[in-house]
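Visitor: I have a structure to look through and would like some help reading it. Could we go through it together?
Guide: Certainly; let us bring it up and begin.

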Amino acid sequence: MAGTAFLEESVADRQVPRWSELKELLRVQPMELNPTERRLAKAVTIADLRTIAKRRTPRAVFDYTDGAAEQEISLRRARDLYDSLEMRPSVLRDVSALDPSVEVLGRRSAWPFAFAPTGFTRMMQHEGEPAVARVAEQTGIPYALSTLGTSTIEEVAAAAPDGRNWFQLYVWRDRGAAEDLMQRAKDSGFEALILTVDVPVAGARHRDTRNGLAIPPALTLRTIADGARHPHWWLNLLTTRPLTFASLQSSGGTVAEMIDRLFDPSMTIADLDWLRGHWDGPLVVKGIQTVEDAARVAETGADAIVVSNHGGRQLDRAPVPLRLLPDVVDKVGDRTEVWLDTGVMRGSDIVAAHALGARLVLVGRAYLYGLMAGGERGVQRAAQLLTDEVRRTMALLGAATVADLGPQHVKLP
Ligand SMILES: Cc1cc2nc3c(=O)[nH]c(=O)nc-3n(C[C@H](O)[C@H](O)[C@H](O)COP(=O)(O)O)c2cc1C
């Protein structure tokens, strides 16, 4: 019965390990000595970067970034919709040569997303806007500097001279100041102007009120105690250029007080003509939340509109941008580019938005979590996670190009 002896052996029989076999399994990992790199390498999702950011940043600063308005329902609903949609793959498609680029404002962009304008970026981490602009340039995506930025237009242009730099404008009571900023953006080679229209007054960010957030952060007993828990953040704040708004004179106070003092709540659609008189490049209008407004703004000849509720930071219980998107694309998609933001935490969210008709997706918090987790390297890590996820999701859906994505790939609940 020698021929059937092997039948009596079982894969579960025990044996003494042999060195030749053990050797195969041994992997000596090179030790990462840089603590930032070590920290970032552990983040495999944007949510992981958020967890690291929370640990490394004073609570008021983290909450300013992470939080939204009032009960934060707008943001929660936006995220819930991304979580609950269903992705439907097309199989047996050739995805061996994947092209995730998109055409935006008449030029090719390497990836289907861009970094949204965010104010006070140097408060989150001292490297701030120039770090974000450099990563955008390296990744081949656009970056929008905010009117409430903590670095100047000229600093961003110098940090990313070959980047697609855009400038986000809020319209102030003092129109002359806005005109001056547009001129500086033009002189610095900025490509496009984004006018944000969903801030007639400041949203009520309750976390900021509860935390007593002031800009720049005030040294109170509470913040001094926090210094012991976040010494790096405080050291960076106190040993780099003072944290100020680069584009405006601020007399301090809370964010809401400052916005209400400076911004012009009387602005109407007629003011787009005034804007056109001072900006001859591409014009994008951000903060569209109804089909009717999309049509009104498209009528004025805007080059793109952003369906957005400002990351849930303004009106609470606002329309969920992703839900609104197909109707807006249907109505004005042949006249203007339709972009989208709010609640994007994964590359697969970006892909889903493109499947439903978005031309470009803006991400805000996703890169800020990276910045707080590890400065410029953290923003790089965020970009890498998003681009890997975009590529993988496109392949899994059977879409070799962004144009191959369509409503057949995503079912909204
Ligand atoms: C901390 C923070 C600051 C922001 N500041 C601005 C701003 O100054 N101007 C603006 O138009 N939008 C601002 N936004 C909104 C973003 O441009 C974008 O609409 C929003 O972040 C998208 O949602 P997401 O963060 O979920 O990606 C800010 C968002 C955050 C999180």
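**Helix 4 and the ligand**

Guide: Helix 4 is largely enclosed by the rest of the structure, because seven of its eight residues are buried. Please keep in mind that this is a predicted model.

Visitor: Which residues of helix 4 are buried?
Guide: They are Ala-60, Val-61, Phe-62, Asp-63, Tyr-64, Thr-65 and Asp-66.

Visitor: What is the cut-off for calling a residue buried?
Guide: A residue counts as buried when its relative accessible area is under 20%.

Visitor: Now the ligand. How many residues surround it, and which are the closest?
Guide: The ligand is surrounded by 24 residues. The closest are Pro-117, Ser-146, Thr-196, Asp-341 and Gly-343.

Visitor: What is the make-up of that shell by class?
Guide: The shell around the ligand has twelve polar, eight nonpolar and four charged residues.

Visitor: Which polar backbone atoms does the ligand approach?
Guide: Three cases can be given. An oxygen atom of the ligand lies 2.7 Å from a polar backbone atom of Gly-343. For Gly-119, a polar backbone atom is 2.9 Å from a nitrogen atom of the ligand. For Arg-365, a polar backbone atom is 2.9 Å from an oxygen atom of the ligand.

Visitor: How much of the ligand does the protein bury?
Guide: Taken alone, the ligand exposes 590 Å², and the protein buries 99% of that. The space that the ligand takes is the largest cavity.

Visitor: Which elements give two or more residues to the shell?
Guide: Those elements are helix 4, residues 59-66, and helix 18, residues 365-397.

Visitor: Let us stay with helix 18. Where is Thr-393, and is it buried or exposed?
Guide: Thr-393 is found in helix 18. Thr-393 has a relative accessible area of 11%, so this residue is buried.

Visitor: What lies 2.6 Å from a polar atom of its side chain?
Guide: That is the backbone oxygen of Glu-389. A general point about helices may help here: an α-helix has 3.6 residues a turn, so residues three or four places apart point the same way.

Visitor: Changing topic: which residues other than glycine have a positive phi?
Guide: Two can be named. Glu-70 has a phi of about 50 degrees, and Phe-120 has one near 60 degrees. These deserve a look because most residues other than glycine have a negative phi.

Visitor: Where are those two in the chain?
Guide: Glu-70 is in the loop between helix 4 and helix 5. Phe-120 is in the loop between strand 4 and helix 6.

Visitor: And are they buried or exposed?
Guide: Glu-70 is partly exposed, because its relative accessible area is 37%. Phe-120 is buried, because its relative accessible area is 1%.

Visitor: One last topic: how far apart in space are Leu-405 and Ala-353?
Guide: They are 9.6 Å apart, C-alpha to C-alpha, with their positions 52 residues apart in sequence. Leu-405 is in the loop between helix 18 and strand 12, and Leu-405 is buried, with a relative accessible area of 9%.

Visitor: What about Pro-326 and Pro-407?
Guide: Their C-alpha atoms are 9.0 Å apart in space, and the two residues are 81 residues apart in sequence. Pro-326 lies in helix 16, and Pro-326 counts as partly exposed because its relative accessibility is 29%.

Definitions and conventions:
Residues numbered from 1 in each chain as written. Predicted model: local features only at pLDDT ≥ 70, side-chain atom pairs only at ≥ 80, totals over all residues. Heavy atoms only, no water. Near = heavy atom within 4 Å. Polar contact = N/O pair within 3.5 Å; in protein donor to acceptor, adjacent residues only side chain to side chain. Areas by Shrake-Rupley, 256 points an atom, 1.4 Å probe, with all protein chains shown as cover. 1 Å grid on protein atoms, 1.4 Å probe; cavity = no way out; pocket = protein on both sides within 12 Å on 5 of 7 lines; lining within 4 Å. Sits in = over half its atoms within 2 Å of the grid points. Helix = DSSP H or I, 4+ residues; strand = E, 2+ residues; numbered from the N terminus. Nonpolar A, V, L, I, M, F, W, Y, C, P; charged D, E, K, R; others polar. Buried < 20%, exposed > 50% of the residue type's maximum accessible area, 1.4 Å probe, protein only.
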